[in-house]
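Thanks for asking me to look this one over. Here are my notes, written so that you can follow along with the model open beside you.

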Amino acid sequence: MIVGQNAAAPDGLRRCHLFGAQLQSAEVKAQTAFVAPSGGGYFFVPSLTALREVVLASS
């Protein structure tokens, strides 16, 4: 759901399975596309915590 587009199932829901510790699984359902492409750009913005760590590590 986050990385790419997946088609809706016949019931209109998009599904994604997540796996955690000890192979516990969870299903995420969405009625609409989670990521809506606009043009050809994908932009990543790191958190403020990550930016601070990078700045402090380089100084």
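The points below go from the overall picture to the side chains.

1. **Confidence.** Please keep in mind that this is a predicted model. The mean pLDDT of the protein chain is 78, and 80% of the residues score at least 70. Broken down by element, helix α1 (residues 48-58) has the highest mean, 85, while β1 has the lowest, 81. As a general caution, predicted coordinates should not be read in detail where pLDDT is low.

2. **Overall layout.** You will find one helix and two strands in the protein chain, and their order along the sequence is β-β-α. In contacts between residues at least 6 apart in sequence, 26% join residues at least 24 apart.

3. **Burial and surface.** How much of the protein chain counts as buried? The figure is 5% of the 59 residues. The chain exposes about 5,300 Å², and carbon and sulfur atoms supply 63% of that area.

4. **The hairpin.** Strand β1 covers residues 14-19 and strand β2 residues 25-30; the two pair in the antiparallel sense, with six bridges between them. One of the places to check is Phe-19, whose bridge partner in β2 is Ser-25. Five residues lie between the strands of this hairpin, and Gln-22 has a positive phi there, near 55°. If you are checking backbone torsions, Gln-22 is a residue to look at for that positive phi.

5. **Salt bridges, starting from Asp-11.** A search of the whole structure gives three salt bridges. Asp-11 and Arg-15 form one of them through their side chains, at 2.7 Å from N to O. Both partners are partly exposed: Asp-11 has a relative accessible area of 48%, and Arg-15 has 31%.

6. **Across the strands.** Which residue in β2 does Arg-15 tie to? The partner is Glu-27, and their side chains meet in a salt bridge at 3.5 Å, N to O. Because Arg-15 lies in strand β1 and Glu-27 in strand β2, this pair ties together parts that are twelve residues apart in sequence. In space, the C-alpha atoms of Glu-27 and Arg-15 are 6.7 Å apart. The side chains of these two residues also make a polar contact, listed at 3.5 Å.

7. **Glu-27 and its surroundings.** Is Glu-27 buried, exposed or partly exposed? With a relative accessible area of 38%, Glu-27 is partly exposed, because that value falls between the 20% and 50% cut-offs. Leaving aside residues up to four places away in sequence, Glu-27 touches Arg-15, Cys-16 and His-17.

8. **The network as a whole.** Glu-27 has a further salt bridge, to the side chain of Lys-29, at 3.8 Å from N to O. This pair counts because a salt bridge requires the nitrogen to be within 4 Å of the carboxyl oxygen. Through shared partners, the salt bridges join Asp-11, Arg-15, Glu-27 and Lys-29 into one network. On strands in general, side chains in a regular strand alternate between the two faces of the sheet. With that in mind, have a look at Glu-27 and Lys-29, whose side chains meet in the salt bridge just described.

Technical notes:
Residues are numbered from 1 along each chain as its sequence is written. Side-chain values use heavy atoms; hydrogens and water are left out. Two strands pair if DSSP finds at least two bridges between them. Helices (H or I, at least four residues) and strands (E, at least two) are DSSP runs, numbered from the N terminus. Buried means under 20% relative accessible area, exposed over 50%, partly exposed in between (1.4 Å probe, protein chains only). Contact means heavy atoms within 4.5 Å. A polar contact is a pair of N or O atoms within 3.5 Å; within protein, one must be able to donate a hydrogen and the other to accept it, and residues adjacent in sequence count only if both atoms are side-chain atoms. pLDDT is the predictor's confidence in each residue, from 0 to 100. Accessible areas come from the Shrake-Rupley method with a 1.4 Å probe; for residues, only the protein chains shown count as cover.
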